Amino acid sequence: PRGAIEVGTSTIVDALVNSGLEKGRSAARRTVASGGAYLNNVKVTDEDAPISADDLLAGGLALVRKGRRTLAVVCAPGA
(Lines give C-alpha, C1' and ligand atoms only; values in the text may rest on other atoms or scores of the structure.)
Protein backbone atom coordinates (compact mmCIF):
# COMPACT_ATOMS: atom_id res chain seq x y z
CA PRO A 1 0.00 0.00 0.00
CA ARG A 2 1.05 3.57 -0.56
CA GLY A 3 -0.22 7.07 0.05
CA ALA A 4 0.74 10.73 -0.04
CA ILE A 5 1.51 13.23 2.72
CA GLU A 6 2.31 16.92 2.96
CA VAL A 7 5.62 17.67 4.67
CA GLY A 8 5.22 19.92 7.70
CA THR A 9 1.45 19.57 8.01
CA SER A 10 0.70 15.83 7.87
CA THR A 11 0.97 13.70 11.00
CA ILE A 12 1.38 9.98 11.57
CA VAL A 13 -2.42 9.78 11.79
CA ASP A 14 -2.70 11.24 8.28
CA ALA A 15 -0.03 8.83 7.01
CA LEU A 16 -1.85 5.81 8.44
CA VAL A 17 -5.18 6.86 6.92
CA ASN A 18 -3.79 7.98 3.53
CA SER A 19 -1.84 4.75 3.09
CA GLY A 20 -4.90 2.64 3.88
CA LEU A 21 -3.45 1.01 6.99
CA GLU A 22 -6.33 2.45 9.03
CA LYS A 23 -9.90 3.15 7.92
CA GLY A 24 -10.35 6.38 9.86
CA ARG A 25 -8.64 9.00 11.97
CA SER A 26 -10.00 7.68 15.27
CA ALA A 27 -8.72 4.18 14.54
CA ALA A 28 -5.32 5.66 13.65
CA ARG A 29 -5.27 7.61 16.92
CA ARG A 30 -6.02 4.42 18.85
CA THR A 31 -3.14 2.68 17.07
CA VAL A 32 -0.74 5.47 18.05
CA ALA A 33 -2.03 5.52 21.64
CA SER A 34 -1.57 1.75 21.98
CA GLY A 35 2.03 1.99 20.74
CA GLY A 36 1.51 0.26 17.41
CA ALA A 37 2.51 3.04 14.99
CA TYR A 38 5.99 3.40 13.54
CA LEU A 39 7.57 5.86 11.11
CA ASN A 40 10.74 4.50 9.51
CA ASN A 41 10.82 1.75 12.18
CA VAL A 42 10.82 4.29 15.04
CA LYS A 43 7.85 4.14 17.42
CA VAL A 44 5.66 7.24 17.27
CA THR A 45 4.05 8.34 20.53
CA ASP A 46 2.85 11.85 19.62
CA GLU A 47 -0.10 11.71 17.23
CA ASP A 48 -0.03 15.49 16.62
CA ALA A 49 3.66 15.81 15.68
CA PRO A 50 4.02 16.84 12.02
CA ILE A 51 6.16 14.77 9.68
CA SER A 52 9.14 16.93 8.72
CA ALA A 53 11.63 16.69 5.87
CA ASP A 54 14.12 15.18 8.33
CA ASP A 55 11.75 12.23 8.81
CA LEU A 56 11.79 11.31 5.12
CA LEU A 57 14.11 8.79 3.51
CA ALA A 58 15.86 9.25 0.17
CA GLY A 59 13.48 10.21 -2.61
CA GLY A 60 10.92 11.80 -0.29
CA LEU A 61 9.58 8.48 0.97
CA ALA A 62 8.73 7.28 4.45
CA LEU A 63 7.95 3.80 5.73
CA VAL A 64 4.81 3.58 7.87
CA ARG A 65 4.22 0.49 9.97
CA LYS A 66 1.18 -0.59 11.95
CA GLY A 67 1.90 -3.33 14.42
CA ARG A 68 4.51 -5.93 13.70
CA ARG A 69 4.06 -6.76 10.02
CA THR A 70 1.72 -4.31 8.27
CA LEU A 71 3.79 -1.91 6.17
CA ALA A 72 3.10 0.90 3.72
CA VAL A 73 5.04 3.63 1.96
CA VAL A 74 4.03 7.27 1.90
CA CYS A 75 5.57 9.85 -0.39
CA ALA A 76 5.83 13.59 -0.15
CA PRO A 77 5.34 15.21 -3.56
CA GLY A 78 7.97 17.86 -4.18
CA ALA A 79 10.22 16.76 -1.35
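Student: What makes the contact between Lys66 and Glu22 a salt bridge?

Tutor: In this predicted model, the side chains of Lys66 and Glu22 meet at 3.3 Å, N to O. The cut-off is 4 Å between a side-chain nitrogen of Lys or Arg and a carboxyl oxygen of Asp or Glu, so the pair counts as a salt bridge.

Student: Why is this pair said to tie parts together?

Tutor: Lys66 is in strand 4 and Glu22 is in the loop between helix 1 and helix 2, so the pair ties together parts that are 44 residues apart in sequence.

Student: Is Glu22 called buried or exposed, and why?

Tutor: Buried means under 20% relative accessible area. Glu22 has 10% relative accessibility, so Glu22 counts as buried. Lys66, with a relative accessible area of 27%, is partly exposed.

Student: How many salt bridges does a search of the whole structure find?

Tutor: The search finds three. One of them joins Arg25 to Asp14, with the closest N and O atoms 2.4 Å apart. Arg25 belongs to helix 2 and Asp14 to helix 1, so this pair ties together parts that are eleven residues apart in sequence. Another joins the side chains of Glu47 and Arg29, at 3.3 Å from N to O. Here Glu47 is in the loop between strand 3 and strand 4, and Arg29 is in helix 2, 18 residues apart.

Student: Why do Asp14 and Arg25 get their accessibility labels?

Tutor: The relative accessible area of Asp14 is 18%, which is under the 20% cut-off, so Asp14 is buried. Arg25 has 38%, between 20% and 50%, so Arg25 is partly exposed. The label partly exposed also applies to Glu47 at 22% and to Arg29 at 31%.

Student: Why is helix 1 described as largely enclosed?

Tutor: Helix 1 covers residues 12–19, and six of its eight residues are buried, so the rest of the structure largely encloses this helix. The buried residues are Ile12, Val13, Asp14, Ala15, Leu16 and Ser19.

Student: What do the buried residues of helix 1 pack against?

Tutor: They pack against helix 2 (25–33) and four strands: strand 1 (2–4), strand 2 (37–39), strand 4 (61–66) and strand 5 (70–75). Helix 1 lies across those strands, running at about 130 degrees to strand 1. Just after helix 1, Gly20 has a positive phi of about 90 degrees.

Student: What is the order of the strands in the open sheet?

Tutor: The five strands have the order 1-5-4-2-3, with mixed pairing. Strand 1 and strand 3 are the edge strands, each pairing on one side only.

Student: How do you know that strand 2 and strand 3 pair?

Tutor: Two strands pair if there are at least two bridges between them. Two bridges join strand 2 to strand 3, so the requirement is met, and the two strands run antiparallel. The bridge partner of Leu39 in strand 3 is Val42.

Student: Which residues form the nonpolar patch on the surface?

Tutor: Leu57, Leu61 and Val73 form the patch, with about 220 Å² of accessible area together.

Student: Why does Leu57 qualify for a patch and yet count as partly exposed?

Tutor: A patch residue needs over 30% relative accessible area, whereas exposed means over 50%. At 47%, Leu57 passes the patch cut-off but not the one for exposed, so Leu57 counts as partly exposed. Leu57 is found in the loop between strand 3 (42–43) and strand 4.

Terms used. Residues numbered from 1 in each chain as written. Predicted model: local features only at pLDDT ≥ 70, side-chain atom pairs only at ≥ 80, totals over all residues. Heavy atoms only, no water. Buried < 20%, exposed > 50% of the residue type's maximum accessible area, 1.4 Å probe, protein only. Contact = heavy atoms within 4.5 Å. Patch = residues over 30% accessible without salt bridge, like charges linked within 9 Å, V, L, I, M, F, W, Y side chains within 5 Å. Areas by Shrake-Rupley, 256 points an atom, 1.4 Å probe, with all protein chains shown as cover. Axes fitted to C-alpha atoms, helices over the stretch in contact; angles between N-to-C directions.
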